[in-house]
Amino acid sequence: MNEDVNRPRDPGASRLARMIERLATQRACLEWAAAEISGLDGPVIELGLGKGRTYDHLRRLMPNREIFCFDRDVHAPRDCVPDDKHLILGDFRVTLLDALERVGERAALIHADIGSEHPGRDAALVHDIGPFLADLIRPHGVLLADRELPADYWRPLPLPKGAGRWNYYVYRAP
């Protein structure tokens with residue numbers, strides 16, 4: 001896995017500039033994905049609720065879709081936390097084991113915002129959860145990720161128009 005994942009093209013950029021690039025890229029990818037899956041049934045899976053920003057954006061983009069959020073614990077403001085049915089807490093390596101049963105059907109979209117400032121730890125996590133993600137997505141579904149996934153299952157797509165300069169990964173399930 002590339003150790004430079006999620007580094008802007010300008011490595012001298014400030015933390016604020018990097019955050020702006022990351023959020024602009026995420027927004028463009030999420031909006032593209034919402035349009036891309038509009039004719040595909042299935043819920044959305046958000047891996048990494050974090051502060052709830054992308055969850056809040058997804059529920060506004062797709063108000064009629066169920067969105068299931070997975071995270072280790074809750075750091076989001078109360079108004080950006082899903083109800084108990086749609087919030088699954090714990091280590092991804094454990095909670096993804098029975099995710100399909102909990103969600104009820106394969107997802108049209110998975111957004112995996114799981115990166116940290118520890119590339120080695122992130123690479124191990126991606127390696128461990130990759131097979132679960134492949135089982136959770138329906139054919140022709142879209143996976144957006146802030147970490148590169150093994151290419152043995154996913155078909156990589158280019159970043160959508162309007163994406164910033166942040167490294168982000170867009171995949172389609174076969």
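The exchange below, between a trainee and a mentor, concerns a predicted model.

Trainee: How many helices and strands are there in the protein?
Mentor: From the N terminus on, the elements run α-β-α-β-β-α-α-β-α-β-β-β. Counting by type along that order, the protein has 5 helices and 7 strands.

Trainee: What radius of gyration does the protein have, set against the globule rule?
Mentor: The C-alpha trace spans about 45 × 40 × 30 Å along its principal axes. For 174 residues the globule rule gives 16 Å, and the value for this protein is close to that, so it is as compact as a globular protein of that length. The radius of gyration is 15 Å.

Trainee: What share of the contacts with a separation of 6 or more comes from residues 24 or more positions apart?
Mentor: Contact here means heavy atoms within 4.5 Å. Among the contacts in the protein with a separation of 6 or more, the residues 24 or more positions apart account for 67%.

Trainee: Which element gives the most to the largest nonpolar core?
Mentor: That core has 27 residues, of which Leu 47, Phe 70, Leu 96, Ile 110 and Trp 154 touch the most other members. At least two residues each come from β1 (44-47), β2 (67-71), α4 (99-103), β4 (107-112), α5 (119-136), β5 (137-145) and β7 (169-172). The element that gives the most, with 6 residues, is α5.

Trainee: Which residues does Ile 110 touch, not counting those up to four places away in sequence?
Mentor: Ile 110 is among the members of the largest nonpolar core that touch the most others. With residues up to four places away in sequence left out, its partners are Ile 45, Leu 47, Leu 133, Leu 136, Ile 137, Val 142, Leu 143 and Leu 144.

Trainee: Which residues of β2 are buried on each of its faces?
Mentor: In a regular strand the side chains alternate between the two faces of the sheet. β2 is mostly covered, with 5 of its 5 residues buried, and its neighbour β1 runs parallel to it, joined by 4 bridges. On one side the buried residues are Ile 67, Cys 69 and Asp 71, and on the other they are Phe 68 and Phe 70.

Trainee: What covers the buried residues of α1?
Mentor: Helix α1 (residues 15-36) has 22 residues and reaches 31 Å from its first C-alpha to its last, close to the 32 Å expected at 1.5 Å a residue. Its buried residues include Glu 21, Arg 22, Cys 29 and Leu 30. The elements that cover the buried residues of α1 include α2 (53-61), β4, β5 and β7.

Conventions. Residues are numbered from 1 along each chain as its sequence is written. This is a predicted model: local features need pLDDT of at least 70, side-chain atom pairs count only at pLDDT 80 or more; totals for chains, interfaces and linings use all residues. Side-chain values use heavy atoms; hydrogens and water are left out. A nonpolar core is a set of buried Ala, Val, Leu, Ile, Met, Phe, Trp, Tyr and Cys residues joined through side-chain atoms within 4.5 Å. Buried means under 20% relative accessible area, exposed over 50%, partly exposed in between (1.4 Å probe, protein chains only). The expected span of a helix is 1.5 Å times one less than its number of residues. The radius of gyration is taken over C-alpha atoms; the globule rule is 2.2 Å times the number of residues to the power 0.38. Two strands pair if DSSP finds at least two bridges between them.
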